[in-house]
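Biologist: I have a model open on my screen and would like to learn how to read it. Could you walk me through a few features?

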Amino acid sequence: MTSTPAAPDAPPAGLLRLQVLTKRADFLRASRARRVAMPGFILQARAGNGTDHVRIGYTCSKKVGNAVARNRAKRRLREIARLVLPHDGTVGTDYVLVGRANVTATRPFDLLVSDLRDALGRMT
RNA sequence: GCGGAAGGGCGGAUGGCCGCUUGGGGACUAACACCCCGAGAGGAAAGUCCGGACUCCAGGAAGCAGCGGUGCCGGGUAACACCCGGGCGGGGCAACCCGACGGACAGCGCCACAGAAAACAGACCGCCUGACGCGCCCGCUUGCGGACGCAGAGGUAAGGGUGAAACGGUGGGGUAAGAGCCCACCGCCGGGCUGGCAACAGACCGGGCAUGGCAAGCCCCACCGGGAGCAAUGCCAAAUAGGGACCGCGUGCCGGUUUGUCUUCGGGCAAUCGGCGGGGCUGCUUCUGCCCCAGCAGGUCCGGGUUGGCAGCUAGAGCGGCACUGGCAACAGUGUCGCGAGAGGAAUGGUCAUCUCGGGGCGGGCAACCGCCCUAGACAGAAUCCGGCUUAUAGCCUUUCCGCGCGU
């Protein structure tokens, strides 16, 4: 994969498009698949979703905190997914990012981004 | 200046880059792909505790029962358990604060511990009187008198002590000692009078006092309330099914008309109309209405199914500012200006700078203060929508009032 700098550029046309998971069943399937724990989050990935898209879901349980803390953690996870997955994701895979209490909302953003790249590297 | 009381307001700002949801517009047949413009979390969005709007269900109305709620009075409001004003009680020097604040002669129940006694009177320690007699002392006229103590019995509830509460309180008179036994004041009860819309207050007259507390135990009284909730509800599409079992009520009666059909020409059967009857529609009753009577409106259970999209969905008892009018006020009216999220695994952001307010650290200085560095830092995220209440909250700004001290 070409590692374009984490530039705040829009993903160029032609790169992978993301779809958001909405079905509870998809989340349950992903949670039973491979997982990689990182300091800022946990990545779950399940190949073969039967589509030609990269699909992504976010989970922040009540353990992460109150509603404000959960929303903030989810937004940061969404942002790193938006920056990394169109370049480094694998077609036909469902990814689920799970937030962690205190860490996901406070870890420096560039570390969070490199965490996701490392996690994807370990998956393959 | 110090200490205190009651409110009101705010709750970071600006910019760059990259995004999300949505309204409008743009060339195009269209798709959600692109471009432009606009909008996009709170004072509590929270707890889900009250009150409503709205939707569906119970056919409608009234009464009764049951259940739930409210509970000093008046006003405000769509409504409220909210708000405003007033009354009463309690706290505070005061500003001010607090109050489940209707009824204990409708009835039942309860009043722990302590205490003699806890609701109807009673008497533990006491106080007072004191028969018969006993003890002891004194006097002398030597068997009489007197003092004291004990004491059967009686009077009393002042004092002690217990308690949340002890059968009105304080003072005086009175008495053997005492007691509303009598008197004054206070309290209480009753009565009318005056003021007030009222809660209530005031003075007056009468009564020696009868009526302990708990209604936050049941209860009584007055007033209010049908149930479930936007996962309500409606529509569309797909998939599955085009069901089964049991219970209940029941296989009606009379009359008319026409049509069809059968006829042994009497009529029968079916359809149709009217009446009666039966059944169903909220726990009961009444009135009214609707439906059903050949299978079905109704009930219970089993099986199957239980996904997606659209609407509801944000402009309404709207909210806020200012001015005027009415009102002590809450609030109402009129005019004018401004604001006005609409997601749906759930948008309203991510990140980087700069600034400002507070906070922290270091250095200089007796101090006021000055310089440098670090740090947006409290509670917290709309979920149908409004009005309240309650709870959480770093820090900042501000108004009025009270007490004390100082100065004029």
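Biologist: Let me start with a single residue: what is the place of Asp110?

Modeller: Asp110 sits in helix 4, which covers residues 109-123. Helices here are DSSP runs of H or I with at least four residues, strands are runs of E with at least two, and both are numbered from the N terminus. Before we go on, a word on the ground rules: this is a predicted model, in which local features need pLDDT of at least 70 and side-chain atom pairs count only at pLDDT 80 or more, while totals for chains, interfaces and linings use all residues. Residues are numbered from 1 along each chain as its sequence is written, chains are lettered from A and ligands numbered from 1 in the order in which they are written, and side-chain values use heavy atoms, with hydrogens and water left out.

Biologist: Is Asp110 buried or exposed?

Modeller: The scale is relative accessible area: buried means under 20%, exposed over 50%, and partly exposed in between, using a 1.4 Å probe and protein chains only. Asp110 counts as exposed because its relative accessibility is 55%. In chain A, buried residues make up 38% of the 124 residues.

Biologist: And how do I get an overview of chain A?

Modeller: Follow its elements from the N terminus: they run β-α-β-β-β-α-β-α-α. That gives four helices and five strands.

Biologist: Now to charges. How many salt bridges are there?

Modeller: Side chains of opposite charge can pair when their charged atoms come close. The rule asks for a side-chain nitrogen of Lys or Arg within 4 Å of a carboxyl oxygen of Asp or Glu, and the count comes to four salt bridges. One of them joins Arg55 and Asp94, at 2.8 Å from N to O. Arg55 belongs to strand 4 (residues 54-59) and Asp94 to strand 5 (residues 93-99), so the pair links distant parts of the chain, 39 residues apart.

Biologist: Why do Arg55 and Asp94 count as buried?

Modeller: Arg55 is buried because its relative accessible area is 16%, and Asp94 counts as buried because its relative accessibility is 1%.

Biologist: Which salt bridge lies within helix 2?

Modeller: Glu79 and Arg82 form one, at 2.5 Å from N to O. Both lie in helix 2 (residues 67-88), three residues apart, which is about one turn of the helix. Glu79 counts as partly exposed at 30% relative accessibility, and Arg82 also counts as partly exposed, at 41%.

Biologist: What does Arg117 pair with?

Modeller: Arg117 meets Asp88 in a salt bridge of 3.6 Å, N to O. Arg117 lies in helix 4 and Asp88 in helix 2, so this pair ties together parts that are 29 residues apart in sequence.

Biologist: How do the axes of helix 2 and helix 4 cross?

Modeller: Two packed helices are described by the angle between their axes and the distance between the axes. Here the axes come within 10 Å and cross at roughly 45 degrees. Axes are lines fitted to C-alpha atoms over the stretch in contact, and angles run from 0 to 180 degrees between N-to-C directions. Angles under 35 degrees count as roughly parallel, over 145 as roughly antiparallel, 65 to 115 as roughly perpendicular and the rest as oblique; helix 2 and helix 4 are therefore oblique to each other.

Biologist: Which residues make the contact?

Modeller: Contact means heavy atoms within 4.5 Å. Helix 2 contributes residues including Ile80, Val84 and Asp88, and helix 4 residues including Leu112, Leu116 and Arg117.
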